[in-house]
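Thank you all for coming. I would like to walk through one chain this morning, starting at a single loop residue and working from there towards the interior.

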Amino acid sequence: MDQPTPQPAYVLHSRAYKETSALVDFLTPQGRVRAVLRRARGKGGSLVRPFVPLEVELRGRGELKNVGRLESSGIAAWLHGDALFSGLYLNELLMRLLPAEAPHPALFEHYTLTLQALAAGRPLEPLLRSFEWRLLDELGYAFALDHDVNDSAVVAEGLYRLQVDAGLERVELFQPGLFKGSELLALAQADWEAPGALLAAKRLMRQALAVHLGPKPLVSRELFRKR
């Protein structure tokens, strides 16, 4: 029998399972993996919380694995206030959108760096928008920010709307929900200091994510509103 290889991981979500076990969703470089942690009320169970860098051995070939070994592998990202809500939002996005057992090592690395930046007190909005964009890109849902659906260059004075399944479409008449070309060009360069860039990025990501998230509201977003 092959010995499972330890891999880095974070807990995205956990819940009680049977009498003493927990059902845990991990984020690993190999994707989102669900596993049973036996005796979760023991020593290992104290590690089953978000934002703790772990090393885990997962056993089994089916969709539901078993945790063979679970250890801390670094210092936890201690998040407070809005940074905590932001971290929970990232976890919920990954739970809702990331397919099970689809490898995304670059996304795992980006998640790790984002947690570290949140813990360091860096501005939240650029971090969240960058992570949302990386997630869309990794899942194959990203679109060009500097060219429209006709492959014409986005122009600063133009007005654009998002066609989620295609990209940006230039429109001639003003209507709600449009984006200025200047805002889109700033986002293409990750220029968060440009006028209107952060607000435009938030609206754009909301529109881009909505079709993939479906009608069920995000719990973390509701918590953020009520804080």
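**From a loop to the core**

Let me begin with aspartate 146, which is found in the loop that runs between α3 and β6, the latter covering residues 159–163. Before going further I should say that this is a predicted model, and everything that follows should be heard with that in mind. With a relative accessibility of 35%, aspartate 146 falls into the partly exposed class. Leaving aside residues up to four places away in sequence, aspartate 146 touches Ser152, Ala153, Val154, Leu185 and Ala188. There is also a polar contact, at 3.2 Å, between the side chain of aspartate 146 and that of histidine 147. As for its position relative to another part of the chain, aspartate 146 and leucine 79 are separated by 67 residues in sequence and, from C-alpha to C-alpha, by 35 Å in space.

Let me now step back to the chain as a whole. The chain contains 6 helices and 8 strands, and if you read from the N terminus the order of elements is β-β-β-β-β-α-α-α-β-β-β-α-α-α. Taken along the principal axes, the C-alpha atoms fill a box of roughly 60 × 35 × 30 Å. Of the 227 residues in the chain, 44% are buried, and the accessible surface amounts to about 12,400 Å², with 53% of that belonging to carbon and sulfur atoms. If we consider contacts between residues at least 6 apart in sequence, 56% of them join residues that are at least 24 apart.

I turn next to the helix that precedes our loop. Helix α3 comprises 15 residues, 124–138, and at 1.5 Å a residue it should span 21 Å; the C-alpha atoms at its ends are indeed 21 Å apart, so the expected and modelled values agree. Within α3, the buried residues are Pro126, Leu127, Leu128, Arg129, Phe131, Glu132, Leu135 and Leu136, and the elements that cover them include α1 (81–97), α2 (105–119) and α5 (197–213). Just after α3, glycine 140 adopts a positive phi of about 85°.

What, then, does the largest nonpolar core look like in terms of its members? It has 45 residues, and those with the most contacts inside it are Leu93, Leu94, Tyr111, Leu115, Leu184 and Leu204. The elements giving two or more residues to this core are β1, α1, α2, α3, β6, α4 (181–188) and α5, and among these α5 gives the most, with 8 residues. There is, in addition, a second and separate core of 17 residues, which includes Val33, Leu54, Leu58 and Ala76.

Tyrosine 111 deserves a closer look. Its relative accessible area is 0%, so it counts as buried, and, not counting residues up to four places away in sequence, tyrosine 111 touches Tyr10, Leu12, Leu27, Phe51, Leu90, Asn91, Leu94 and Phe131.

That list of contacts brings us to the aromatic rings. A search of the whole structure finds 4 aromatic pairs. In one of them, the ring centres of tyrosine 10 and phenylalanine 108 are 5.7 Å apart and the planes meet at 45°, so this pair is tilted. Because tyrosine 10 lies in strand β1 and phenylalanine 108 in helix α2, the pair ties together parts that are 98 residues apart in sequence. Both tyrosine 10 and phenylalanine 108 are buried. For tyrosine 10 and tyrosine 111, the ring centres are 5.2 Å apart with the planes at 70°, so here the pair is edge-to-face; as tyrosine 111 also lies in helix α2, this second link joins parts 101 residues apart in sequence. Taken together, ring pairs link Tyr10, Phe108, Tyr111 and Phe131 into a cluster.

I would like to finish at the start of strand β1, which covers residues 7–17 and holds glutamine 7. Is glutamine 7 buried or exposed? Its relative accessibility is 16%, and since the cut-off for buried is under 20%, glutamine 7 counts as buried. Not counting residues up to four places away in sequence, glutamine 7 touches Thr28, Pro29, Gln30, Leu54, Glu55, Val56 and Leu58. The C-alpha atoms of glutamine 7 and leucine 70 are 9.9 Å apart, although 63 residues separate the two along the chain.

Notes
Residues numbered from 1 in each chain as written. Predicted model: local features only at pLDDT ≥ 70, side-chain atom pairs only at ≥ 80, totals over all residues. Heavy atoms only, no water. Helix = DSSP H or I, 4+ residues; strand = E, 2+ residues; numbered from the N terminus. Expected span 1.5 Å × (residues − 1). Buried < 20%, exposed > 50% of the residue type's maximum accessible area, 1.4 Å probe, protein only. Contact = heavy atoms within 4.5 Å. Polar contact = N/O pair within 3.5 Å; in protein donor to acceptor, adjacent residues only side chain to side chain. Core = buried A, V, L, I, M, F, W, Y, C linked by side-chain atoms within 4.5 Å. Areas by Shrake-Rupley, 256 points an atom, 1.4 Å probe, with all protein chains shown as cover. Phe/Tyr/Trp six-rings, centres within 6.5 Å; stacked < 30°, edge-to-face > 60°.
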